[in-house]
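Here are three short exercises with worked solutions. Look at the sequence and the structure first, then try each task.

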Amino acid sequence: MAVRERYEPRRDKGRYLEKSLLAVLGVLAALRDRPGESGRRDRVRPELKLASTFMLILLVSLSRNSLFIEAAAAVELGLLCLFRGEVIARVLRKVAAAAVFAAAVFLPAFLWGRGGNVLFLLGKVLLAVLAAAIFSAATPWTSVTEAFSRLRVPDVFVMTLDMTIKYISLLGGLVLNMLYALKLRSVGRNERKMHSLAAIAGTLFLKSRDAAVTQYQAMECRCFSGTYRITRASAWSPFDAGLAALDAVLAAAFFALGAWR
Amino acid sequence: MHIPDNYLGPATCAVMALAAAPALIVSAKKVAHRLPKEKIPLLGIGAAFSFLIMMFNVPVPGGTTAHAVGGTLLAALLGPYAACLSISTALLIQALMFGDGGILAFGANTFNMAVVIPFVGYFIYRFVKDRVSSKRGEYAGLAIAAYVAINAAALCAAIEFGLQPLLAKDAAGVPLYCPYPLAVSIPAMLIPHLAVAGLVEAAFTVAIFAFVERTSPGTVYAGSSVKLKPLYVLLAGLVLASPLGLLAAGTAWGEWGADEIKAAVNGGSALGFTPAGMAQGLRFDAPLRDYAVKGAPEIVGYALSAIIGVAAVIIAFKLLALLKKDRGGPSRAEA
């Protein structure tokens, strides 16, 4: 008893465990860290947001006119500055990632002396990514499915999307708990962690099969055949009208400038 | 009042940057410690205001133009330290995105517009406010403060211009940078500001201060709620009105490009040469140079520039506010 004991566990190779934990956490955070969690409804109709985003990306990618591109930049920056700081930072992080990737792709062209063109293309890429990121930051998942169904996208697609998102979140939580359990129980050096990881994947598969069965039963019980009916009243708000007017101005500018030429 | 690159010699630019730096550092520290979190977005809105107000050019005697800055307004609303940060951010975005004011001359411009105006204006405003009891007296004090402060800044800019022929000459005695001596630069800068720009600054300051006080009292008085909506509405109004700034033709005194200065008329005669330091100096190509978009009518370019500039300033400050939250957040405090 008088001898001081020092126990140092041997170094354990657990990097992959931590990496998978972080990856799952990242996906879950991206899914959960979305607007609309507080229960506040969107101020703009989601289908209008979706259509506007599609239109903006389309027009920006078709445009060869620098004036139109600058107008689109003004619109997007103007919208972006209305968000909270946290959201702006998240959006800009996505755009920065796209910028790095696009810059790497365009680098050879830049070195071969197509500087002006490359900057123009880079600007277009960034604007398209920015438009998508703004949409994603401003729209909760439930509204995305609502937007798809209002835009007459086939129900099968909407249901698949809806369930995928819900089950990524559900099963992700499950995996996370199992990974934590594995980490907690691997005191000292655990040589058999890889086997346990296989077991986790297997369990996940079994659980998802169970979930599919219960989902089907729940659908039957509630008489849900996969047809989405939207119950929300559809009065146009001033924000809707504002966004629609903005779309109209941009489209008119595109055609008036002959921006595709 | 935006001094372009190559008007001041490198030595002057360095000295002015050294003069402005301590003010900026102290301001950043004071704002980080004292300004409540809910007021940080106001910094961005303030910078956006200043950015827009500077786009309203008014014609002044002598065929050039001048503009208000809004420095005293921001100092009265947010305090001089926050105003200093707001205006320097607006100046930085103007220099980098719109080529308004030089990159090398950023220190000088910051000193003139972001240090002199807010601090001089705030001092005079407090001095008068503490001695009068009526609202009208306070507004009068604010107007006087705005008028004196912008003229003090114009005087600083004029002295910086006027010293150049003494500081940098070639072997033949021809000035390398700004060619006008103090005897020319001081009246050329001060007369327009005393006669027009100072009055415009005073009018802008009082009108907007009264509006903000009425619609968003929390901005002015501690304890009331800070309402951002009326301020955003005011900003949008200014953006829409910004092309009015184009009505004044001509370039502001001391803001000519290297291609313009040869023909610039001063005291009845054109200069007739381009100083060597200007012809060969730094040339930075800002993406939206002179608030214009290639191939677009001037009005459209000006309005688009206004939107992009305002949005950029607000986004920058919202991101800055985030940094402050992170620093003061519980996670770090516990650790």
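## Exercise 1: the interface

Across the interface of chain B and chain A, zero salt bridges are found (a salt bridge is a side-chain nitrogen of Lys or Arg within 4 Å of a carboxyl oxygen of Asp or Glu). This is a predicted model: local features need pLDDT of at least 70, side-chain atom pairs count only at pLDDT 80 or more, and totals for chains, interfaces and linings use all residues. Residues are numbered from 1 along each chain as its sequence is written, chains are lettered from A in the order in which they are written, and side-chain values use heavy atoms, with hydrogens and water left out.

Task: which helix gives the largest share of the side of chain B that touches chain A?

Solution.
1. Helix 11 (residues 298-328) of chain B supplies that share, with eleven residues. Helices are DSSP runs (H or I) of at least four residues, numbered from the N terminus.
2. By class, this side of chain B has 13 nonpolar, one polar and three charged residues. Ala, Val, Leu, Ile, Met, Phe, Trp, Tyr, Cys and Pro count as nonpolar, Asp, Glu, Lys and Arg as charged, and the others, Gly among them, as polar.

## Exercise 2: a salt bridge in chain A

Task: what does the pair Arg150(A) and Glu47(A) tie together?

Solution.
1. The structure holds eight salt bridges over all chains.
2. In one of them, the side chains of Arg150(A) and Glu47(A) meet at 3.7 Å, N to O.
3. Arg150(A) lies in helix 6 (residues 141-150) of chain A and Glu47(A) in helix 2 (residues 46-62) of chain A, so the pair ties together parts 103 residues apart in sequence.

## Exercise 3: contact size

Task: how many residues does the contact take from chain B and from chain A?

Solution.
1. Chain B gives 17 residues and chain A gives 16 residues, where contact means heavy atoms within 4.5 Å.

Notes. Helix = DSSP H or I, 4+ residues; strand = E, 2+ residues; numbered from the N terminus.
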